Amino acid sequence: MRKYIARRLVLMVPTLFIFSLLVFGLLRVLPGDVAEKMLIDDSGAQTASKASLERLREKLGLNRPLYVQYLSWVGDTVRGDFGVSLLTGRSVIQDLKQRLPLTVQLALMSLIFSTCVGVPIGIISAVKQNSLLDYGLRFFSIFFLAAPGFWVALMVILAGAFWFGWVPTLGYNLLWQQPMANLSQLGVPALILGLSAMASKARYTRSSMLEVLREDYIRTARSKGLREQVVIVRHAMKNAMIPVLTVIGLQFGAIMGGSVILESIFGIPGMGTYLITAIRRSDYTVVQSVVVVFALMFMSTNLVIDLLYGWLDPRISYA
Amino acid sequence: MIGPRALNQASVTAAMGQRVARFGGGLARFVRTQPLGTFGLVVCILVIVVGLIGPWIDRYEPDLATPADRLQGPNATHWFGTDHLGRDLYSRIVAGARISVYVAFFSIGIGTTAGYLVGIFSAYIGGKTDLVIQRFIDAMQAFPAILTALIIVSALGAGLDKVIIAIAFSLMASAVRISRGVVLSVKENVYVDASRVIGASPLRIMLRHILPNAMAPYLILASVALGGAILTEASLSFLGLGVPPPAASWGGELSGNASSFMLSNPWMAIFPGVAIMVVVLGFNLFGDALRDVWDPRLRGR
């Protein structure tokens, strides 16, 4: 087991290396570097002289050869130094410390919500296949799979403002500082974020359950007189969950992507708003760091999921 | 007497007739067994047609701003009402259909196809090449697809063609994975060995023998991904990083300035969203039905 984890962690290195190359290469294609954007005056016109542009580029290290820039970025990042924002001059690691908790919390809350609601919906749907309830639940999940999260969010905000005089708060509290305020602030965005993940989990669980319910061992369990409840929970569910786990891992990526969009609607000062602002202003150091952090989060989630397989399915061993 | 040429033509016509009949029969069976998929198919056809003939069925210029008429609810002159600049929402929704369909089909056509071909190549050649390609795919998959599209579009700048490239690129990784898996099993068939024995080139084997036998998963993948591509375009445009204004992209309708006027005219927020949802729903239902029909493992469920 420990060996397996170690091997997986080692395998992450080449992946991250290629990933960093792709990201770096891509970002340097950006038209108009940050130096130009920093010297744009309020009217949006480029008034700075060539010389001052060059001076700024030199100060930011943008005039060095690309491979030197790449190597110094990788070297710094590995040592835990994420650099400073080219635009604000603030340390990226300080910014991340404030923003990461909000995004991780948002993602985890919607992951928990979507799993705790989506999986039971799928199971009920499969057990009562082709009943009215099944059709209703399937329609429900198809609906939320097609509705874009940002639009649902807009509708919720509109409806809240129209009928309840509710507006999403500005300014967010951290969980460990003001737990109640934090949960009530992040609750709605987390629910909306989890909707489409919930829908697709319900669909995968349903089809996986249906497959398992046709297996011989289910018939055996039934014919030896086990109560239906025991058959479903002890025999069917455990096996049906294995493919669903993969989906939960993949969903985490979609949730992260969705959180970037939802954060900007609700004005949550998390990683998403950080990334979008940095992209708009070509703030390379910030974009690079956020992207690497996202990739690390995504990869480690999938590692955890793979380890859970072994726990759910004793046939898989990672000796 | 019938010459060989005429006979040939007659048999070609007959064969074509058979094909048409087979297609018709397949379609009839599809409609009978897949009611939801048929609904999806109808929506797909409808939105494609609207996209094609848009300029003939809109009622105003989609970009024409008439400030005197701004922020109206649905009425007889403006069926879906007007936005904060006084532009006719119905005409903009119609124009948006064209953008959505255009982006979806081109990004799938480029991204999924390219990814699929790379997957075929990777699986058939195998060895070190396969290993290297797969490591690149690992790296690409280490990042959520929508964020990949976001980063690429920010690198390229906003624009219709750039959005297409960004979405296409973000779709490639999963297409490579799926086609690789399919081809690994297809290439074990005896006819692949047979054609290698008679001296067919690898390129010929890949294109003439493996590709046709890996076609069904490709079509399923492409049709399932269409809805996602439309959603991605809408999300990018919503963030202001997609199709730039004043183009009538459905996602763009909901973004930026527009959102501050939604309290005075909620219809501005409702119609574009409903349009996205119905179309994505249609493409998803059709894609799912296609998978049920073609994927033998799921048949009979």
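**How chains A and B meet**

Modeller: In this predicted model, chain B and chain A together bury about 3,800 Å², and carbon and sulfur atoms account for 82% of it.

Colleague: How many residues does each chain bring to the contact?

Modeller: Chain B puts in 41 residues and chain A 43 residues.

Colleague: What makes B:D288 and A:R203 a salt bridge?

Modeller: Their side chains meet at 2.2 Å, N to O. The rule asks for a Lys or Arg side-chain nitrogen within 4 Å of an Asp or Glu carboxyl oxygen, so the pair qualifies.

Colleague: How many salt bridges does the rule find across the interface of chain B and chain A?

Modeller: It finds 1 salt bridge there. As for polar contacts, 3 residue pairs across the interface count, with both residues at pLDDT 80 or more.

Colleague: Which elements give two or more residues to the side of chain B that touches chain A?

Modeller: Those are helix 4 (127-141), helix 5 (145-156), helix 9 (215-238) and helix 12 (267-294) of chain B. Helix 12 of chain B has the largest share, at 12 residues.

Colleague: And how do the residues on that side of chain B divide into nonpolar, polar and charged?

Modeller: The split is 30 nonpolar, 6 polar and 5 charged.

Colleague: Stepping back to the whole of chain B, how many helices and strands are there?

Modeller: Chain B has 12 helices and 0 strands. Its C-alpha trace spans about 75 × 60 × 40 Å along the principal axes.

Colleague: What share of chain B counts as buried?

Modeller: Of its 301 residues, 47% do. The area that chain B exposes is about 14,500 Å², with 68% of that supplied by carbon and sulfur atoms.

Colleague: What about contacts in chain B between residues at least 6 apart in sequence: what share join residues at least 24 apart?

Modeller: That share is 69%.

Colleague: Over to chain A, then. Why is A:D283 called buried?

Modeller: Its relative accessibility is 4%, and buried means under 20%, so A:D283 counts as buried.

Colleague: Where is A:D283 placed in chain A?

Modeller: A:D283 sits in the loop between helix 11 (271-280) and helix 12 (284-312) of chain A.

Colleague: Which residues is A:D283 in contact with, leaving aside its neighbours within four places in sequence?

Modeller: A:D283 contacts A:S85, A:L86, A:L87 and A:A278.

Definitions and conventions
Residues numbered from 1 in each chain as written. Chains lettered and ligands numbered in written order. Predicted model: local features only at pLDDT ≥ 70, side-chain atom pairs only at ≥ 80, totals over all residues. Heavy atoms only, no water. Contact = heavy atoms within 4.5 Å. Buried area = accessible area lost by both parts, 1.4 Å probe. Polar contact = N/O pair within 3.5 Å; in protein donor to acceptor, adjacent residues only side chain to side chain. Helix = DSSP H or I, 4+ residues; strand = E, 2+ residues; numbered from the N terminus. Nonpolar A, V, L, I, M, F, W, Y, C, P; charged D, E, K, R; others polar. Buried < 20%, exposed > 50% of the residue type's maximum accessible area, 1.4 Å probe, protein only. Areas by Shrake-Rupley, 256 points an atom, 1.4 Å probe, with all protein chains shown as cover.
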